[in-house]
Amino acid sequence: MSTTTQEVKQAEKEPLFGKKERRLITDPLNDNNPITVQVLGICSALAVTSLVYPSVVMAVAVVFVTAFSSLATSLLRNYIPKSVRMIVQLVIIATLVTVVELTLKYLNYPVYKQLSVYIGLIITNCIVMGRLEAFSMANKPWRSFLDGIGNGLGYGLILIAVGVVREVFGKGSLFAGSPLEMKIIGNTEAYWINTETSTMFGWYANNNLMVLPAAAMFVIGIIIWIQRSRNTKLVDVS
Amino acid sequence: MENNRYVIIFVFILTATVAVLLTFLREATKDQAALNEEIFNKRAILSAIEDKTGKDSGEFTDEEVVQLFEAKFTQKVVNVEGETLEGVSADDIDMAKEKKKPESERRLPVYIYEDGGDKVYVLSVRGNGLWDEIWGNIALAEDLNTVVGAAFDHKGETPGLGAEIKDNPTFANNFKGKQIMDNDGDFVSILVRKGGAEPGNPHQVDGISGATVTANGVTKMLESGLENYMPYLNDLRGEGQQGMLQEQ
């Protein structure tokens with residue numbers, strides 16, 4: 001009897017995947033999305049989303065950086081001198097970003113070339129440092145880690161959604177540059193729908209605007225619109 | 001806890017740990033990363049001669065790229081006087097670094113592709129676009145005049161506009177069949193012409209609407225880049241003509 005209550009108490013204190021822990025991951029996906037609700041990390045969301053594949057790589061990289069920088073900051077939070085805490089956070093983030101850069105160079109050089117400067121710019125992504133300041137400095141490692149994963153995923157989700165829209169309408173393909181490449185619509189035989197021969201889609205042409213970073217702004221705007229019309233409690237927040 | 005000594009010691013330990021960690025990681029991945037970069041650059045050369053290899057440069061596996069270069073390519077490095085430089089491999093030439101040197105000191109890579117008596121010379125050029133550097137590989141046929149293929153790349157041109165020099169295959173394809181010299185054998189280069197090339201002019205290609213600065217950058221890059229190769233090409237042509245005379 002006594003042992004069970006103890007177990008329950010312990011479980012209440014530090015459950016691995018309790019309700020709160022789950023919310024740490026699911027909240028940033030919708031109600032507290034870093035891009036559409038907090039409007040952070042827009043710069044890279046505009047820059048890397050013209051194709052899906054680099055967006056996915058970027059999303060994975062950011063999840064890795066937010067998760068492990070949150071974990072590291074949280075582990076060190078009681079030792080970090082307050083006067084230099086931001087510099088310490090930046091050192092941690094920069095280290096992890098360098099790890100990502102070296103790994104990418106090792107595993108997939110063409111994508112490394114394609115993302116080029118934006119990998120380095122993860123360091124300045126407000127989402128990462130924002131979560132370290134707001135959450136990891138005051139929370140335990142496991143929860144910080146989950147918060148990092150959640151926010152990284154929330155960012156990545158929007159990135160990939162924007163990437164899909166931009167690539168399909170801008171280039172007529174999906175996952176270009178990866179082994180999964182799908183050619184959907186275009187003016188050669190390589191595409192599923194060949195606009196040269198198809199009678200139904202003869203009028204179709206790729207939208208060049210979609211290739212430009214400005215298109216990401218429109219797409220994100222539309223995503224915010226849809227999200228807020230479905231989730232009305234967000235409307236007052238802004 | 002907040003005294004200066006603690007702060008300094010903390011930061012010192014943190015940065016030292018990070019430095020050691022990253023050094024190890026870099027050392028461990030260095031060789032493979034260098035190989036990846038080399039294959040990436042070789043693919044760029046292959047994409048200039050897609051007509052000759054009959055394959056998209058992306059369709060070769062990494063091993064095939066290395067094998068193809070061993071089997072069918074010879075490479076050399078020349079200077080702007082056309083002299084062949086010994087003891088240096090074209091693979092080691094970094095055009096970004098060469099571009100910063102004065103022209104007289106530049107070293108220029110030449111890749112010669114040979115397949116069944118068919119010879120193609122691939123030359124590298126580098127210049128400036130609108131935002132940052134642009135570069136390309138130009139493949140010349142055995143007459144050292146007719147372009148058989150070209151491929152361009154860039155660091156940060158605007159997607160959909162300047163970036164079309166890489167993304168739109170039509171731009172590079174337009175270079176095929178153009179000539180870099182006039183009938184007298186004088187160098188004229190190839191002009192990327194705003195508003196479209198004059199029909200039948202072998203020294204002009206269509207520009208890209210909305211990307212005039214990048215297109216002008218390509219024109220300038222070809223003019224200065226190919227001109228540096230001219231002494232070498234002229235020497236080669238001289239040798240070729242002598243050979244033909246002897247045969248006669």
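Reader: What makes Glu38(B), Lys42(B) and Asp91(B) a network?

Author: Salt bridges link Glu38(B), Lys42(B) and Asp91(B). The model is a predicted one.

Reader: Why is the pair Glu133(A) and Arg85(A) called a salt bridge?

Author: The N to O distance between their side chains is 2.9 Å. The cut-off is 4 Å, between a side-chain nitrogen of Lys or Arg and a carboxyl oxygen of Asp or Glu, so the pair qualifies. Glu133(A) sits in helix α8 (residues 126–134) of chain A and Arg85(A) in helix α5 of chain A. They are 48 residues apart, and the pair links distant parts of the chain.

Reader: How do you know whether Glu133(A) and Arg85(A) are buried or exposed?

Author: Neither term fits. Glu133(A) has a relative accessible area of 28%, and Arg85(A) has 27%. Buried means under 20% and exposed over 50%, so both count as partly exposed.

Reader: What makes Lys101(B) and Glu98(B) a salt bridge?

Author: Their closest N and O atoms are 3.3 Å apart. That is within 4 Å, so the pair counts. Lys101(B) is partly exposed at 27%, whereas Glu98(B) is buried at 2%.

Reader: Which class do Arg126(B) and Glu133(B) fall in, buried or exposed?

Author: Both are buried. They also form a salt bridge, with the closest N and O atoms 2.7 Å apart.

Reader: Why is Asp147(A) called buried?

Author: Its relative accessibility is 3%. The limit is under 20%, so Asp147(A) counts as buried. Asp147(A) lies in helix α9 (residues 141–171) of chain A. Beyond neighbours within four places in sequence, Asp147(A) is in contact with Leu24(A), Arg131(A) and Phe135(A).

Reader: How many salt bridges join chain B and chain A?

Author: Zero. The whole structure has 18 over all chains. The contact takes 22 residues from chain B and 24 residues from chain A. The area buried between the chains is about 2,100 Å², and carbon and sulfur atoms give 77% of that area.

Reader: What makes up the lining of the second largest pocket, by class?

Author: Ten nonpolar, two polar and no charged residues. Thr95(A) and Thr17(B) are in the lining. Thr is neither on the nonpolar list nor on the charged one, so both count as polar.

Reader: Which helices each supply at least two residues of that lining?

Author: α4 (52–76) and α5 (85–107) of chain A, together with α1 (4–46) of chain B. Among the lining residues are Phe68(A), Ile92(A) and Leu14(B). The volume of this pocket is about 300 Å³.

Definitions and conventions: Residues numbered from 1 in each chain as written. Chains lettered and ligands numbered in written order. Predicted model: local features only at pLDDT ≥ 70, side-chain atom pairs only at ≥ 80, totals over all residues. Heavy atoms only, no water. 1 Å grid on protein atoms, 1.4 Å probe; cavity = no way out; pocket = protein on both sides within 12 Å on 5 of 7 lines; lining within 4 Å. Points joined across faces, edges and corners; volume = space filled by probe spheres on them. Helix = DSSP H or I, 4+ residues; strand = E, 2+ residues; numbered from the N terminus. Buried < 20%, exposed > 50% of the residue type's maximum accessible area, 1.4 Å probe, protein only. Contact = heavy atoms within 4.5 Å. Buried area = accessible area lost by both parts, 1.4 Å probe.
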